[in-house]
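Please open the structure in a viewer and keep the selection tool at hand. The tour below proceeds by stops, each with something to select.

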Amino acid sequence: MELSAKVIGLMSGTSVDGIDAALVEFYENQTGELGFKVLGHYEHPLEASLRKLTLDACASKTTTQELCMLNFALGEAFAEAVNNLLGKLGVKASEVDLIASHGQTVWHQVEADKPLSTLQIAEPAVIAARTGITTSSNFRVADVAVNGQGAPLASFFDYVFFSDKHKTRALQNIGGIGNVTFLPAGGGHETARAFDTGPGNVLIDFAAAYYSSGALSYDIDGQMGTSGKIDYEWLDKLLAYPFYATQPPKSTGRELFSESYWLQLKEEASERNLSGADIIATLTALTAHSIALSVQRFGPEGGVNELIVSGGGGRNPFLLRLLTEALGGKVAVRLHDEFGLPAKQKEAAFFALFGYELLRARPANLPACTGASHPVLMGQLTPGQNFSALLARFAVNMLPTPAIPLQHLYLLSDQ
């Protein structure tokens, strides 16, 4: 049996700075080895008004009616991202097998005293209708339904792509929220551990927007932070926030590191007579030190050889320097791009992988990382014009459940 598929992965993260779309080709050979290549990537900007509505929803500032309309508006935006990507690549929709849309997280509830729940929107029926392509979506809820935290989902991709026989690696994504995956050398999927480390760029972004009077949505190349001075006494107080000491598995989002939390920090900084640049420098240090604490407190016994950084934080030289220093210079800090897959393509690519794994009826969560009671199939299907043909092609090749999860993923050669 040999299988191939072209899948478009879609992702909008906690920074809500746009929609990442990637067309990914998968090829599975007769021995079950799975290879992939990214055929094209496109970053679709969100209109300012739609971004504001989304951020309002994340902050519980919307009515049910507004949330309903936002779900469909984001569906239109995600569909536009697909069609723009296809136009850019000169690829017809009929050549694509599946869309795998993460959607936009607007609420993620994992506090111990509340029921586990998570909500991603961007209506898949709209995406399927506007593109004609069958769409998979709603991946996180299957993990949450079996008592997982539904995050970090990147741990699955990290394990199958980055596991190494000789090196213990940490995969650190620095998006709006930071998350890490630990991969002990030579270990199986049951040895992987993953969790959210705390704020990535979210607090820095709030500060950059405020102190630039809205001209900036983030600290470009860490320039604002570099010009400031870190208040280490305040930093120590910030690091005493209970989340950082909480044992994994754990996940978080804008529910905890919210705009109201930022406003609280701004008041504290004002009392300390800090400039805007000083505040941004200290919040950048908070991200770096919270990551380092996660490695030191919860990392594999024996330490980590390499920490591989992805996400927008990887484009902030000031943050990377502080991170290297916080790790004591004992861990090699590397960028995701060094491994053949540009970091900006990663999130869209791994949701494309989730879509493919759903077609193969293979579990795509790692319970050791999310806290789920067992592996589950991830995602739901919304029919497009190719639905019958897609099922006719893949149904006969679906594995019996429970299937053994994918063990290894490699990059296909361009030759």
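The stops that follow concern a predicted model.

**First stop: the largest nonpolar core**

Begin by selecting Leu-203, Phe-257, Leu-283, Leu-286 and Leu-307, the residues with the most contacts inside the largest nonpolar core, which has 49 residues. Next, colour helix α11, residues 276-298; this helix supplies 12 residues, the largest share of the core. In soluble globular proteins, nonpolar side chains tend to be buried together.

Now centre the view on Leu-307 and display its surroundings. Leaving aside residues up to four places away in sequence, Leu-307 touches ten residues that can be shown one by one: Ala-170, Gln-172, Ile-291, Val-295, Leu-323, Leu-327, Val-331, Ala-332, Val-333 and Arg-334.

**Second stop: a separate core and its rings**

Move to Ala-22, Val-24, Tyr-159 and Phe-351, which are among the 47 residues of a second, separate core.

Then turn to the aromatic rings. The model has 26 aromatic pairs. Select Phe-36 and Phe-161: how far apart are the centres of their rings? The distance is 5.7 Å, and the planes stand at 75°; an angle over 60 counts as edge-to-face, so this pair is edge-to-face. Phe-36 belongs to strand β3 (residues 34-44) and Phe-161 to helix α5 (residues 154-162), so that the pair links parts of the chain 125 residues apart. Both Phe-36 and Phe-161 are buried.

Extend the selection to Phe-139, Phe-156, Phe-157, Phe-162, Phe-339, Phe-350, Phe-351 and Phe-354; ring pairs link these residues with Phe-36 and Phe-161 into a cluster.

**Third stop: a tilted pair**

Select Tyr-241 and Phe-257, whose rings form a tilted pair, with 5.7 Å from centre to centre and 55° between the planes. Tyr-241 is in the loop between α8 (232-238) and α9 (242-245), whereas Phe-257 is in the loop between α9 and α10 (259-271). Is each ring residue buried or partly exposed? Tyr-241 has 24% relative accessibility and counts as partly exposed, while Phe-257 has a relative accessible area of 0% and is buried.

**Fourth stop: the second largest pocket**

Select Arg-51, Leu-55, Phe-206, Arg-254 and Glu-259, which lie nearest the centre of the second largest pocket; 16 residues line this pocket. The space within the pocket is about 420 Å³. Two elements, α1 (48-58) and α6 (202-211), give two or more residues to the lining. The largest share, six residues, comes from α1. Colouring the lining by class shows seven nonpolar, two polar and seven charged residues.

**Last stop: backbone details**

Display the backbone at Ala-151 and Pro-152, where the peptide bond is cis with omega near -10°. Pro-152 is found in the loop between α4 (140-145) and α5. Another cis peptide bond runs from Pro-248 to Pro-249, with omega near 0°; Pro-249 lies in the loop between α9 and α10.

Finally, select Ala-122, a residue other than glycine with a positive phi, near 125°. Ala-122 sits in the loop between β5 (117-121) and α3 (124-131) and is buried, with a relative accessible area of 5%. Ala-361 also has a positive phi, near 60°, and is located in the loop between α13 (343-359) and α14 (367-370). For Ala-361 the relative accessible area is 5%, and the residue is buried.

Terms used
Residues are numbered from 1 along each chain as its sequence is written. This is a predicted model: local features need pLDDT of at least 70, side-chain atom pairs count only at pLDDT 80 or more; totals for chains, interfaces and linings use all residues. Side-chain values use heavy atoms; hydrogens and water are left out. On a 1 Å grid over the protein atoms alone, a cavity is a set of points where a 1.4 Å probe fits but cannot get out, and a pocket is an open set with protein on both sides within 12 Å along at least five of seven lines; lining residues have an atom within 4 Å of a point. Grid points are joined across faces, edges and corners, and a volume is the space filled by probe spheres set on the points. Helices (H or I, at least four residues) and strands (E, at least two) are DSSP runs, numbered from the N terminus. Ala, Val, Leu, Ile, Met, Phe, Trp, Tyr, Cys and Pro count as nonpolar, Asp, Glu, Lys and Arg as charged, and the others, Gly among them, as polar. A nonpolar core is a set of buried Ala, Val, Leu, Ile, Met, Phe, Trp, Tyr and Cys residues joined through side-chain atoms within 4.5 Å. Buried means under 20% relative accessible area, exposed over 50%, partly exposed in between (1.4 Å probe, protein chains only). Contact means heavy atoms within 4.5 Å. Rings of Phe, Tyr and Trp (its six-membered ring) pair if their centres lie within 6.5 Å; planes under 30 degrees apart count as stacked, over 60 as edge-to-face and the rest as tilted.
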